[in-house]
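Biologist: Could we take a close look at one helix in this model and follow it into its surroundings? I'd like the cut-offs spelled out along the way.

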Amino acid sequence: IRDRPESFTLTFTGDFTPGCRPGQESDPKSYVGTVGEDYEFPFANLREIFSADDFTFINLEVVLGDAGKAANKTFVFRGPEEYVQIMTSSSVEAVTLANNHTDDYGKPGYQSTVEALEAEGIKYSGETEFGRDVYWFDFENDVRIGFLGLIPAYYSKNEAKVKQDVQKLKDAGCDVIIASIHCGKEENPTHSQMTDTYRKKATALGAHIVVGTHPHVPQGIHVEKGITTLY
């Protein structure tokens with residue numbers, strides 16, 4: 001459309017875990033012990049980038065608040081609900097909750113996280129056992145971009161539901177759909193076969209941009225038929 005802006009700047013991050021394991025809160029070397037109430041510290045070197053873009057979208061891999069009981073798994077992470085201010089103080093507009101730590105404290109933990117985000121105006125998306133959420137954001141001149149979070153453990157059992165939610169984005173008139181996929185092997189410099197499989201699933205659903213999370217390292221960029229994947 002001729003009168004629309006030629007471009008927008010969107011920023012995506014990998015995993016962001018503002019919290020620690022149970023019992024480590026008082027450890028001065030833990031995340032909570034290090035950050036304390038200095039909410040601007042974690043993104044101090046990124047705030048200039050986040051503030052200059054049109055939209056910042058991160059993978060929030062933690063439970064915020066005190067609700068729920070820790071799941072029986074090797075790693076669980078929780079931070080104070082006030083840590084949502086780490087995001088608001090650094091121009092983060094939205095998060096995905098489709099990851100393997102959203103459920104660390106069961107449904108109560110998921111709900112307390114959502115409530116903390118909503119209280120501060122942080123938008124969220126993600127296909128999870130406790131909530132199916134999609135989100136779209138309107139930019140200048142009626143450009144609408146939709147966001148979807150995917151994790152294989154949920155998608156493999158609920159493919160029909162995921163398709164329904166992608167259709168919501170299409171029905172809402174989204175010009176671009178961005179899918180965040182959470183899978184792969186941590187610290188591996190190359191993406192996994194599972195990541196590639198879910199890249200293809202996301203693009204088949206209608207995603208125009210695919211953003212990978214979970215490995216903790218960048219794994220390259222793939223462009224095919226005008227669709228960009230940031231592994």
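Which residues of H4 are buried?

Modeller: Happy to, and a word on the ground rules comes before the helix. This is a predicted model, so local features need pLDDT of at least 70 and side-chain atom pairs count only at pLDDT 80 or more, while totals for chains, interfaces and linings use all residues. Residues are numbered from 1 along each chain as its sequence is written, and side-chain values use heavy atoms, with hydrogens and water left out.

Now to your helix. The buried residues of H4 (106-119) are Gly109, Tyr110, Ser112, Thr113, Val114, Ala116 and Leu117. Buried means under 20% relative accessible area, exposed over 50% and partly exposed in between, with a 1.4 Å probe and protein chains only. Helices (H or I, at least four residues) and strands (E, at least two) are DSSP runs, numbered from the N terminus. As background, an α-helix has 3.6 residues a turn, so residues three or four places apart point the same way.

The length of H4 checks out: at 1.5 Å a residue its 14 residues should span 20 Å, and its end C-alpha atoms are 20 Å apart. That expected span is 1.5 Å times one less than the number of residues. After the helix comes Gly121, with a positive phi near 75°.

What lies over the buried side? The cover includes S2, S3 (63-64), H3, S5 (94-96), S6 (123-127) and S7 (132-133); contact here means heavy atoms within 4.5 Å.

H4 also belongs to the largest nonpolar core, which has 25 residues; Leu60, Leu64, Met87, Val95, Leu97 and Leu117 have the most contacts inside it. A nonpolar core is a set of buried Ala, Val, Leu, Ile, Met, Phe, Trp, Tyr and Cys residues joined through side-chain atoms within 4.5 Å. Two or more of its residues come from each of H1 (31-35), S2 (55-60), H3 (84-88) and H4, with H4 giving the largest share, four residues.

Val95 shows how these pieces meet. Apart from neighbours within four places in sequence, Val95 touches Leu117, Met87 and Leu60, and also Phe57, Ile58, Ile122, Lys123, Tyr124 and Ser125. There is a second, separate core of 20 residues as well, with Leu148, Cys174, Ile177 and Ala202 among them.

One last stop, by H1: Ser30 sits in the loop between S1 (10-16) and H1, and Ser30 counts as buried because its relative accessibility is 8%.
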